[in-house]
Amino acid sequence: MNMMQNRNYWFSSGYLITFYAAWSLWWSFYAIWLKSKIGLSGEQLGIVYAANSAAAMCFMIFYGIIQDKLQIGKAVITFQSIVMILIGPFLIYVYEPLLRNDFLLGVCIGAPVLSAGFISGCALIDSFIERISRLFGFEFGPARFWGSFGYAAATFVAGILFGIDPHINFWMASGIAAIYFIINLVYKPNQEFSANSETQAVIQKPTIPTLSEILSLFGMKKFWLFVFFIIGTNSFYTIYDQQLFPNFYTSFFDKPEEGYQVYGYLNSFQVFLEAACMILAPFFINKVGAKKSLLVAVMVMICRISLSATLDNVCLISLVKLFHAIETPLFILAVFKYVVGNFDERLSSTLYLVGFNISSNVGVIVLSWLVGKLFDKTGYSTTFYVLASIVLFILIIAIFTLSDDKKTKQP
């Protein structure tokens with residue numbers, strides 16, 4: 001079926017555009033909100049991100065194993081969508097007052113809520129749609145384009161609204177989450193299978209993995225080498241991009257409100273470019289393979305982190321920020337191709353949520369506080385150089401330890 005005529009593709013795109021728009025409205029300025037509006041220190045920011053990652057790790061284990069058992073069942077997605085709808089009132093009436101008056105309690109309550117709806121939810125919806133794309137005959141990349149598009153469009157608006165009142169962003173996030181919930185109610189994937197022989201073959205195969213098959217992943221050497229690679233690269237990059245860079249960028253502006261607005265415009269433009277790269281990246285990945293694509297993505301990470309430490313001009317820093325538009329599509333789509341090409345594709349949700357996302361979060365849990373302490377003592381430049389050096393070291397190891405492509409599948 002032509003992708004443009006494929007109802008599953010459009011529903012998948014609807015899931016992604018609404019999820020990422022709702023997430024962007026509060027997440028794209030989360031670190032700035034915590035530091036400038038709540039008044040957290042670098043060390044406290046590290047504690048918040050570490051707690052969020054710890055909670056996300058628990059939910060990803062739950063989401064990954066249950067979704068692999070459900071395959072295209074929507075029970076977990078429904079639970080996630082309900083939590084998403086509650087994000088606005090939770091941030092305003094629960095999370096913010098607790099962080100101001102009882103920091104540790106706020107962290108402990110906020111982490112599971114934010115993780116269940118969004119921090120783990122992004123991996124859940126990506127893995128769900130990737131499975132839908134394989135079953136119903138379209139590529140994940142063009143569908144994921146709409147997620148990046150939604151994130152970019154929402155970030156553009158969020159930058160303006162944040163300077164007025166962050167609470168507006170939070171309420172809008174809940175409103176868009178309600179649309180996501182409606183899409184999930186309407187979509188009936190079990191009724192969408194076509195009658196062609198290829199799809200029927202997929203249906204007739206025993207596609208539900210057993211628990212022992214899922215747990216067998218943890219006894220595989222190449223699984224742990226993949227986990228080591230993710231922790232050593234994506235975890236450090238995530239800390240740089242989410243915990244450090246937003247406040248680093250806005251520090252170049254004399255007026256904070258101007259910095260928020262410009263950062264919103266820049267972030268929006270970057271994600272629009274990212275959306276375009278989501279369409280182009282599959283061609284590159286299919287040409288060079290998943291392993292080489294992952295290595296290229298890590299080289300882009302290193303360039304961005306190290307150049308941030310070197311440059312002191314806001315225009316050049318803005319240009320470096322756009323490197324993210326290349327790195328994210330390459331890394332995300334290549335991860336999907338890597339796990340499907342080197343492991344049992346029936347376990348794709350577990351592999352993506354546990355092997356990729358939980359690995360990243362384990363790294364963030366362990367490293368966020370340490371990086372926060374390093375930043376408080378040395379500042380941005382030294383911290384960035386340290387992060388770039390570590391990621392470069394892991395890249396060299398990965399050249400020899402990541403598995404070469406075994407199967408050719410569309411990302």
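Helix axes are taken here as lines fitted to C-alpha atoms over the stretch in contact, and the angle between two of them runs from 0 to 180 degrees between N-to-C directions. In this predicted model, helix H8 (residues 140-164) packs with helix H13 (residues 256-288) at an angle of about 175°, and the two axes lie 8 Å apart. Because angles over 145 degrees count as roughly antiparallel, H8 and H13 are described as roughly antiparallel to each other. The contact of H8 with H13 comprises, by class, 18 nonpolar residues, 9 polar residues and 3 charged residues.

Helix H8 also contributes to the surface. A nonpolar patch is formed there by Phe156, Val157, Ile160, Ile164, Ile168, Met172 and Tyr265, which together have about 560 Å² of accessible area. At least two residues of this patch are supplied by each of H8 and helix H9 (166-186), and the largest share, 4 residues, comes from H8. Phenylalanine 156, a member of the patch, is placed in helix H8. Because partly exposed residues are those between the limits of 20% and 50% relative accessible area, phenylalanine 156, with a relative accessibility of 41%, counts as partly exposed.

Side chains of opposite charge can pair when their charged atoms come close. In the whole structure, 5 salt bridges are found, among them one between the side chains of arginine 144 and aspartate 126, with an N to O distance of 3.3 Å. Since arginine 144 lies in helix H8 and aspartate 126 in helix H7 (residues 121-136), this pair ties together parts that are 18 residues apart in sequence. Arginine 144 and aspartate 126 are both buried.

A salt bridge within helix H7 joins the side chains of arginine 134 and glutamate 130 at 2.8 Å, N to O; these two residues are 4 residues apart in H7, which corresponds to about one turn of the helix. The relative accessibility of arginine 134 is 27%, so that this residue counts as partly exposed, whereas glutamate 130, at 1%, counts as buried.

A further salt bridge is formed by aspartate 241 with arginine 304, whose closest N and O atoms are 2.8 Å apart. This pair links distant parts of the chain, with aspartate 241 in helix H12 (residues 221-250) and arginine 304 in helix H14 (residues 290-310), 63 residues apart. Aspartate 241 is buried, as is arginine 304.

Notes:
Residues numbered from 1 in each chain as written. Predicted model: local features only at pLDDT ≥ 70, side-chain atom pairs only at ≥ 80, totals over all residues. Heavy atoms only, no water. Parallel < 35°, antiparallel > 145°, perpendicular 65-115°, else oblique. Nonpolar A, V, L, I, M, F, W, Y, C, P; charged D, E, K, R; others polar. Patch = residues over 30% accessible without salt bridge, like charges linked within 9 Å, V, L, I, M, F, W, Y side chains within 5 Å. Areas by Shrake-Rupley, 256 points an atom, 1.4 Å probe, with all protein chains shown as cover. Salt bridge = Lys/Arg side-chain N within 4 Å of Asp/Glu carboxyl O. Buried < 20%, exposed > 50% of the residue type's maximum accessible area, 1.4 Å probe, protein only.
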